[in-house]
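Please open the structure in a viewer and keep the sequence panel visible. The tour below proceeds by selections, each followed by a description of what is to be found there.

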Amino acid sequence: MVQLQKPKWVYMGGKIRSWDEAVLHISTEAVTRGLNVFEGLKGYWQEDNTTFGIVAMPRHFARLQRSARLLHIPCPVDYDEFEQACHGLIRSLYQESRDMWIRATLYVVEGNWGEGTVADLVLTAYHQDKVPPAPIDVGVSTWQRATDVTLPPRIKTSPNYQVARLARIEGRGRGCSEMILLNQWGRVAEATGACVLMVRDGKVVTPPPSEGRLESITVEIVADICRSLGIEFVERPVDRTELYLADEIRLAGTLAEIVPVRRIDEFVLPKESPILSAVSARFWRAVRGTEPHPGVDLSMVARNQSSQ
Ligand code: PMP
């Protein structure tokens, strides 16, 4: 998980500026209504340690545009501007020993109730240790994922994380570092910042987005990796009790990567996780460039191009 870091540089208002300069006015809808859409992107040092690759950048930009469209927020940048801005910030902050997680946010800085809406692209980037995620304990939350007619889970916007925050607080009290939210039908939606993968009968199973999960890029990557490894991948509704009977569970997300679950509520998962271990190992080799995979596209930040 991200530590509370204060990186020296931030991208805002079309340029790289200092952390302290990156402020929003209290009167903006970004502040008064929490109006924003955002993405989290992960960048990995490649095996040769001379290039830095950001995973699935076109898909993250496309999802940012979809979230913005659904909230009637005009996107102020095109793909090339977005990519250049991310590369510039990475080059100003990266350290050889650490990977990075970039948060790309469109904050609404002008307009009111949908009239005259103007957004600004803000990028912050944080250092991440180069280690695969350790197993975690999770619980099923008493809080529920919002629905498509209340606050569509398909939209990646901060207000969607208010319930997630309550679930995390609940989880902490139960010794769980992540929590799973059920949907309005009592079935599995997703975790607070990742999707749920389960193995039953040798198949990798995850609920579809219509069950109340984000249209996850990591899940798409996992599906592609499963296909290439000859593992069956199924999207279908998942009951809570199926999680308790699962042979393996992992959470999948850009920041979470593919994190093993050791225990869910009072049910301890088997120690061995052969299928999702194989998927994770293949994922890791793909993002590091040791064994490229067609499902894992990388936007390469060349090391010798200095932006500043
Ligand atoms: N669900 C939620 C609520 C998330 O915040 C994330 C992280 N972006 C995910 C799922 C996983 O999505 P992705 O694989 O695209 O990061």
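## First stop: strands 13, 14 and 10

Begin by selecting Gly253 together with Glu257: in strand 14, Glu257 is the bridge partner of Gly253. Please bear in mind throughout that this is a predicted model.

Extend the selection to the whole of strand 13 (residues 248-253) and strand 14 (residues 257-264), which run antiparallel and are joined by 4 bridges. The connection between strand 13 and strand 14 is a hairpin of 3 residues.

How many of the residues of strand 13 are buried? The count is 6 of its 6 residues, and the strand is mostly covered. Colour its two sides separately to see how this is arranged. Glu248, Arg250 and Ala252 lie on one side, Ile249, Leu251 and Gly253 lie on the other, and both faces are covered.

Next, add strand 10 (195-200). Strand 10 runs antiparallel to strand 13, and 5 bridges join the two. To find one of these pairings, select Cys195, whose bridge partner in strand 13 is Ala252.

## Second stop: the loop after strand 10

Move along the chain to Asp201, in the loop between strand 10 and strand 11 (203-206). Although Asp201 is not a glycine, it has a positive phi of about 50°. Is Asp201 buried or exposed? With a relative accessible area of 69%, Asp201 is exposed, because the cut-off for that term is over 50%.

Beyond strand 11, select Glu211, which is placed in the loop between strand 11 and helix 5. Glu211 has 5% relative accessibility and therefore counts as buried, the limit being under 20%. Display its surroundings: leaving aside residues up to four places away in sequence, Glu211 touches Asn183, Trp185, Arg187, Val188, Ala189 and Pro237.

## Third stop: helix 5 and its two neighbours

Select helix 5 (residues 217-229) together with helix 2 (residues 57-70); their axes come within 11 Å and cross at roughly 140°. Helix 2 is therefore oblique to helix 5. The crossing of these two helices is right-handed. Show the side chains where they meet: Arg59, His60 and Arg63 belong to helix 2, while Ile217, Glu220 and Ile221 belong to helix 5. Sorted by class, this contact holds 2 nonpolar, 1 polar and 3 charged residues.

Now keep helix 5 and replace helix 2 by helix 7 (residues 274-288). The axes of helix 5 and helix 7 come within 10 Å and cross at roughly 110°. This angle makes helix 5 roughly perpendicular to helix 7. On the helix 5 side of the contact, select Thr218, Ile221, Val222, Ile225, Cys226 and Leu229, which meet Ala278, Val279, Arg282 and Phe283 in helix 7. Here the residues divide into 8 nonpolar, 1 polar and 1 charged.

## Fourth stop: strand 4 and its partners

Turn to strand 4 (residues 51-55). Because 4 of its 5 residues are buried, strand 4 is largely enclosed by the rest of the structure.

Which strands pair with it? One is strand 3 (residues 36-45), which runs antiparallel to strand 4 and is joined to it by 3 bridges. Another is strand 16 (residues 298-302), also antiparallel to strand 4, with 5 bridges between them. Select Ile54 to see both pairings: Gly43 stands opposite Ile54, and Ser299 is the bridge partner of Ile54 in strand 16.

Strand 3 and strand 4 form a hairpin with 5 residues between the strands, and within this hairpin Asn49 takes a positive phi near 60°.

Then step to Ala56, in the loop between strand 4 and helix 2. Its phi is near 50°, a positive value in a residue other than glycine. Ala56 has a relative accessible area of 0% and is buried.

## Last stop: Leu89

Finally, select Leu89 in helix 3 (residues 79-93). Leu89 is buried, with a relative accessible area of 1%. Show its contacts next: not counting residues up to four places away in sequence, Leu89 touches Trp9, Val10, Tyr11, Ile16, Leu123, Thr124 and Ala125. To close, draw a distance between the C-alpha atoms of Leu89 and Gly14: these residues are 75 apart along the chain, and the separation is 11 Å.

Technical notes. Residues are numbered from 1 along each chain as its sequence is written. This is a predicted model: local features need pLDDT of at least 70, side-chain atom pairs count only at pLDDT 80 or more; totals for chains, interfaces and linings use all residues. Side-chain values use heavy atoms; hydrogens and water are left out. Buried means under 20% relative accessible area, exposed over 50%, partly exposed in between (1.4 Å probe, protein chains only). Two strands pair if DSSP finds at least two bridges between them. Axes are lines fitted to C-alpha atoms, for helices over the stretch in contact, and angles run from 0 to 180 degrees between N-to-C directions. Angles under 35 degrees count as roughly parallel, over 145 as roughly antiparallel, 65 to 115 as roughly perpendicular and the rest as oblique. A crossing is left-handed if the near helix is turned anticlockwise from the far one by less than a right angle, and right-handed if clockwise. Contact means heavy atoms within 4.5 Å. Ala, Val, Leu, Ile, Met, Phe, Trp, Tyr, Cys and Pro count as nonpolar, Asp, Glu, Lys and Arg as charged, and the others, Gly among them, as polar.
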